[in-house]
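Visitor: Please walk me through this model. I would like short answers.

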Amino acid sequence: MYILAINGSPRGRDSNTDRMLQPFLAGARDAGATTDVIYVVDLDIRDCQGCFMCWTKTPGRCILQDDMKGVLEQIKKADILVLATPLYHFGMTARLKRLLERTLPLADPHIIKKGDHFSHPGREEHRMDMVLIANCGFPDRVHFKALEEHMCQLTKDRPGSLLASILCSGGEMLRFGGDGFKWYYDALRRAGREIVEMGHLSSETESILAKELVPLESFLNMANAFWDSKITPEGVEGNKSDFTSEEHFTGDSGKNEAGEKRIEQISKPNMLPRDCREAVMGMVMVFNPRAAGDMKAVLQINLTGEGGGEFYMVIQEGRCSVHEGKAENATTVITSPADVWLSIARGKLDGAGALMQGLYKVTGDFGIMLKMKDLFSGTDSKDEAPACPAGPLPIPGMMWLTVAFLPWIFNWIATGMELNPAVKWGVPALGSLLIWGYRKYYNSPTWMDSISAVYFLVAGVFALAGYPLSPAAGDFSGNLVLGATWLASLAKEVPLTAEYSRWNYPASLADNPMFLRTNAIITAVWGEAYLFMAVMVLMMNLIPEYKILWMVLRYLPLLLAGVFTAWFPDWYPAYIAAGGNKHR
Ligand SMILES: Cc1cc2nc3c(=O)[nH]c(=O)nc-3n(C[C@H](O)[C@H](O)[C@H](O)COP(=O)(O)O)c2cc1C
C-alpha cells in the first residue's frame, strides 16, 4: 500500500501538522505501507489559471511548468492520500488548496449524474482513499466544521472514501509539550496502523484522539500568557518569528495593538498558574529561544509536598520541551516545596530572593539559574544586554574598571619615579576628570569614577597651589581613599564591583540578590585589602627597619584578593543555591 501525505503548513517540517503526521505515517509503515510526504512549502506550485487547457487543448496535462507535474504523478499512484493541514480561517491553507485546484487535469470535463447531484468523472478511475489530519489554534473542535464538510465534498464523487479525520484543537500545544503528549503521539501511530490494517480507526483510538491535549482552563491560561509574553513591546521593532525558521519566514512579527487589547480583555484575570504542572508548562510557553542561544541543558524540577511532582525540561537548539518524571542526565536539579514554586510562578515571590533565603535548592550547573529570568521571559527585545556601556568607545563593561584605575596607576608609578608633583597629581586629576566626564555624558559614572575624580582634583589643586602631598602621605591617602571608596559602596544598592561585572551578564541580573551579594563580598574583600595596604604604608614610615616585611605584607592582600575574585563568583552562588547558607 502506498500512502502519499501532503503537508500544507507553511511551517513545513517544523509544523504541528508534521508533529501529527509523522507518528501517523510511522504507524502506517509499521503495518507494511510505503509512505511519502510532500511539503507544499518546498514546492513551486503556481495558481490554476482557469484556462481549462488541461481539459481541452492538452487533455490531462496542465500547461504550467512547475512542480505540480511530479505531484500529479505521485497522486496517481497513491492508495491513500493524507491531506495534512493547519486550520487557516476555518479551512485548509491556501497553499494546499492551490495544490488541490491544480489536480484538475485528473478529472474529465464531462458532467455526469451521480445519485442526487452532478459531477465530473475521474480520467483514470483509480481508487484512492483519503485521510484528513488537521490542527487548529483554538481549543474547541467546532472550528473544523467547514474543513470537514469540504473534505466530504472532495471525497464523495470519486472512487474511495474519507477513512478518517484526525483533528487536533489547541494544536500549538504540540510545539511545547515534548513527550508530555506521548499518549497522543502513540494514539496517532496506532491510527496509522489501523488505517492500513482495518481501513478505519478503532473507537478506542478515535476517543483518545478526540481528547483535549490539556484541560481547557489550563490551555487558556497558558495560551494567553504565551501571547502576552511574545507581543513586542510598544516602540520596539520585532522582525523575527518565534514560530517559523528563517527560511520560511517572510512576515513581520512586530507589535500588534489589536492583539494587545484582546489579551488585556481576556487573559489578565485568568493568567496565574493553578497548579505545579501548569506552572512548569507555563515556563515552557514563555521560553525565549534567543536568550537560550546554543545552550544545552536538562533542568530537573522536583516539587515536593502537596500538589508537587517531578518534571524536567530539555533545552537544546533553541527549543525547550517539558516532560514529567525524572531525567537521567539532568545538568541542574531544582528541589523546591510545591507551594514555594507556585508562589514564584504566580509572581508572589522573587525566584532569586527565595533561593538566597534557602527556600529551595539548586544543585549541579548553576549557570542556567543566572539566566532564568531571560530564558523564561518570552521576549528578550526589552532586555537585550549590551556588553559595553553606551558611548563611542567599544570598551567592555568590565574593562572600565581597569580604565578607572589608570589615574591611580600613573600616580603610583609617578611616586616611585619622584616626578614633578604638578605632573604627578595634575595628570591623574585630568585623567580621572576625563573618565568621569565621558561616563557622565554617555551613560553614568560609577562610584569609583566619581570618588577618584574628587580625590585627584583636590590633591591636584593643592599640588598646583604649591602644597603637594608628600610621597608617603600620597601613598597612604591613596590606599585609604580606595579602601574607603570600596567599603562605602556597600552602603549603596549596587556594590562597586557589580557596577562593572554586571556587563558580563544579562541585564535582568543587575538586581538579582545573589549577584549583588556575591559582588558585595568581593567589594568588601578588596576594600579591606586597600585599607590594610594603607596601614602597611603607615608602618613603613613609622618603623622603617622592617621595611621588607611591610612591603611583603603590603602586596600580599592584593594577590590574595585577586585569587579570591577569580574563584568566588563561581563557587558562592552554587554554594548558596545548594542550601549552603542553611548550614552557617
Ligand atoms: C492565517 C492563519 C489563520 C488561522 N486561522 C485559524 C482558524 O480559523 N481557527 C483556528 O483555530 N486556528 C487558526 N489559526 C491557527 C493555526 O491553525 C495554528 O497556529 C496551528 O497550530 C498551526 O499549525 P502548523 O504548525 O501545523 O502550521 C490560523 C493561523 C494562521 C497563521
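**Annotated spans, ligand and contacts**

Visitor: Which residues does UniProt list for "transmembrane region"?

Guide: The model here is predicted. The annotation comes from an unreviewed UniProt entry. Under "transmembrane region" that entry lists residues 397-415, 450-469, 514-536 and 548-568.

Visitor: How far apart are the end C-alpha atoms of residues 514-536?

Guide: Residues 514-536 are 100% helix and 0% strand. Their end C-alpha atoms lie apart by 33 Å.

Visitor: And what is the end C-alpha distance for residues 450-469?

Guide: Here the chain is 75% helix, with 0% strand. For residues 450-469, the end C-alpha atoms are apart by 20 Å.

Visitor: Which element gives the most to the nonpolar patch?

Guide: The patch covers about 660 Å² of surface, and its members include Leu-406, Trp-412 and Met-417. Two elements give two or more residues to it, α16 (399-417) and α17 (421-442). Met-417 is found in α16. With 5 residues, the top contributor is α16.

Visitor: Now the ligand. How many residues of its shell are charged?

Guide: The ligand is surrounded by 16 residues, and Ser-9, Arg-11, Thr-17, Asn-135 and Glu-172 are the closest. The shell has 6 nonpolar and 8 polar residues. The number of charged residues is 2.

Visitor: What share of the ligand's accessible area does the protein cover?

Guide: Take the polar contacts to ligand oxygen atoms. A side-chain N or O atom of Ser-9 sits at 2.6 Å, a polar side-chain atom of Arg-11 at 2.7 Å, and a backbone N or O atom of Phe-138 at 2.9 Å. On its own, the ligand has 640 Å² of accessible area. The share covered by the protein is 80%.

Visitor: How many residues apart in sequence are the parts that Arg-175 and Asp-14 tie together?

Guide: The structure has 17 salt bridges. In one of them the side chains of Arg-175 and Asp-14 meet, at 3.3 Å from N to O. Arg-175 belongs to helix α5 (residues 173-177), while Asp-14 is in the loop between β1 (2-7) and α1 (16-30), so the pair links parts whose separation in sequence is 161 residues.

Methods:
Residues numbered from 1 in each chain as written. Predicted model: local features only at pLDDT ≥ 70, side-chain atom pairs only at ≥ 80, totals over all residues. Heavy atoms only, no water. Near = heavy atom within 4 Å. Polar contact = N/O pair within 3.5 Å; in protein donor to acceptor, adjacent residues only side chain to side chain. Areas by Shrake-Rupley, 256 points an atom, 1.4 Å probe, with all protein chains shown as cover. Nonpolar A, V, L, I, M, F, W, Y, C, P; charged D, E, K, R; others polar. UniProt positions renumbered as here; feature names shortened; annotations may be inferred. Helix = DSSP H or I, 4+ residues; strand = E, 2+ residues; numbered from the N terminus. Patch = residues over 30% accessible without salt bridge, like charges linked within 9 Å, V, L, I, M, F, W, Y side chains within 5 Å. Salt bridge = Lys/Arg side-chain N within 4 Å of Asp/Glu carboxyl O.
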